[in-house]
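This report walks through a part of the structure shown below, beginning with a single side chain and moving outward to the sheet and helices around it.

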Amino acid sequence: MKTAQNGVEIAKGVPLNTSLSYQDLPKTRLIKVILEISTLALILFGFIFGISKVVNTMLARDMNRFLEFFESAHTQAELIVVDELYFAEFKRMAGFANEMALTISEQKESLQQLNMGLEERVLLKTQALQIKNDALEEEQKFSQGLLESHKQFIRYAIHETHTPLSVIMANIELFSMNEGRNRYLAKIEAAVKNIFSIYDDLSYLVKKDQIDYPKKAIDLGEYVQKRLEFFDEVALFSNLTFNYHKPKLVSWIQFNETKLQRVIDNNLTNAIKYTKSGEEIRVGVEGNTEEVVFWVESHSQKIHDPQKIFEAYYRERKKTDGFGLGLSLVKSICDEDGVEIAISSNKEQTRFEYRFKKGSSENTFA
């Protein structure tokens with residue numbers, strides 16, 4: 001640096017005859033600095049932009065690989081190649097994803113094998129059941145044939161039984177008219193009437209699903225009296241008597257006579273069977289404007305389960321003769337024709353009541 005005569009420093013290397021003035025020198029340097037800074041900034045921006053673009057491309061590639069993995073996961077996931085990823089975080093995530101995919105694949109394969117095993121067992125079970133079903137069908141056909149043969153035998157037996165019973169009853173009546181009654185003949189008659197009652201039950205059971213039973217007007221009071229007369233010898237043979245409470249007025253009901261006979265006869269024969277010796281069996285019919293009640297009561301053993309006695313083959317006292325079918329038959333008839341049943345039983349007496357809807361005196365049921 002040299003000093004001019006006027007005391008102003010002159011920059012080294014600047015000719016003394018330059019056109020720059022003293023005032024222009026600082027501005028020129030400032031512009032040069034600004035240009036250099038701008039150039040560096042531009043270069044730095046370009047460098048950062050390039051790096052950012054490369055990083056974004058790498059991120060997009062890694063993310064697309066994960067998207068492809070999850071899109072195919074519902075069928076069969078293709079494992080992610082960890083070495084193809086750029087970022088450590090993605091590599092770690094890929095490890096977890098691959099482990100999850102392998103676990104799911106193993107479980108899926110296990111389920112498929114289990115399903116195949118189940119299908120095979122189901123098939124074998126179905127085949128076994130089909131064999132059993134075929135055998136059951138054969139047994140059912142055989143049982144149906146056997147049952148039909150049994151029914152046919154019962155029909156034939158019942159049909160053939162009626163004739164000798166009728167002959168026996170007719171001859172008892174003829175012998176009584178010619179020779180008079182005696183205690184031996186009374187016993188025979190009582191036994192035959194019991195057989196007749198059983199015959200009528202069996203006959204109804206065999207035919208009830210094959211024929212219609214039309215209703216007609218019946219005077220219940222008169223009908224019960226006739227059935228009491230029929231069983232009078234049977235009661236006397238058991239050292240019992242009937243005490244009949246006849247209605248004051250005619251008590252008409254609309255009912256089938258065959259069904260009504262089963263209801264009345266079964267109650268009378270049961271009363272004879274279970275009433276204690278030497279007692280009387282009280283029987284009555286009474287009515288009002290809406291219904292007619294038939295009732296039977298006597299001194300017998302207490303019924304412990306009144307509802308169960310209507311079940312087929314049920315007997316409270318196992319030693320008593322019979323199959324327990326009578327009251328079951330009565331119950332089915334009453335259910336079919338809307339007859340209400342009431343039972344009361346204690347140590348003193350047992351009472352059965354049957355409430356029939358009152359009908360007119362017409363001969364046919366409309």
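## A buried leucine in H4

In this predicted model, Leu228 has a relative accessible area of 7%, and because residues under 20% are classed as buried, Leu228 is buried. Leu228 belongs to helix H4, which covers residues 220-230. When residues up to four places away in sequence are not counted, Leu228 touches Phe242, Tyr244, Leu268 and Val283. Of these contacts, Phe242 is 14 residues away from Leu228 along the chain, and the C-alpha atoms of the two are separated by 7.4 Å.

Leu228 is one of several buried residues of H4, which are Leu220, Gly221, Tyr223, Val224, Arg227 and Leu228. Around the helix axis these residues cover an arc of only 165 degrees, so they sit on the same side of H4. At the start of H4, a side-chain oxygen of Asp219 comes to within 3.3 Å of the backbone nitrogen of Gly221.

## Glu233 in helix H5

Is Glu233, a residue of helix H5 (residues 232-237), buried or exposed? With a relative accessibility of 17%, Glu233 counts as buried, because the cut-off for that class is under 20%. Once its neighbours within four places in sequence are left aside, Glu233 is in contact with Arg181, Ala186, Glu189, Ala190 and Lys193.

## The five-stranded sheet

Strands of a sheet pair through backbone hydrogen bonds, and this pairing is either parallel or antiparallel. In this model, an open sheet of five strands shows mixed pairing and follows the order E4-E6-E7-E9-E8. Strands E4 and E8 (340-345) stand at the edges with a single partner strand each, and therefore one side of each has no neighbour in the sheet. On average, and with direction ignored, neighbouring strands of this sheet are turned by 15 degrees against each other.

## Pairing from E4 to E7

Strand E4 (residues 241-245) runs parallel to strand E6 (residues 280-287), and five bridges join the two. Thr241 has Glu280 as its bridge partner in E6, while Asn243 stands opposite Arg282 in that strand.

E6 also pairs with strand E7 (residues 291-298), here in the antiparallel sense and over six bridges. These two strands form a hairpin, with three residues between them. Within the pairing of E6 and E7, Val283 stands opposite Val296 in E7, and Val283 is also one of the residues that Leu228 of H4 touches.

## E9, its partners and H7

Eight bridges connect E7 and E9, which pair in the antiparallel sense, and Val293 stands opposite Arg355 in E9. E8 and E9 likewise run antiparallel, joined by six bridges, with Ala342 opposite Glu353 in E9. The hairpin that joins E8 to E9 passes through four residues.

How many of the eight residues of E9 are buried? Six of them are, so E9 is largely enclosed by the rest of the structure. Helix H7 (residues 326-337) lies across E8 and strand E9 (350-357), and runs at about 25 degrees to E9.

Conventions
Residues numbered from 1 in each chain as written. Predicted model: local features only at pLDDT ≥ 70, side-chain atom pairs only at ≥ 80, totals over all residues. Heavy atoms only, no water. Pairing = 2+ DSSP bridges. Axes fitted to C-alpha atoms, helices over the stretch in contact; angles between N-to-C directions. Contact = heavy atoms within 4.5 Å. Buried < 20%, exposed > 50% of the residue type's maximum accessible area, 1.4 Å probe, protein only. Arc of directions from axis to C-beta. Polar contact = N/O pair within 3.5 Å; in protein donor to acceptor, adjacent residues only side chain to side chain.
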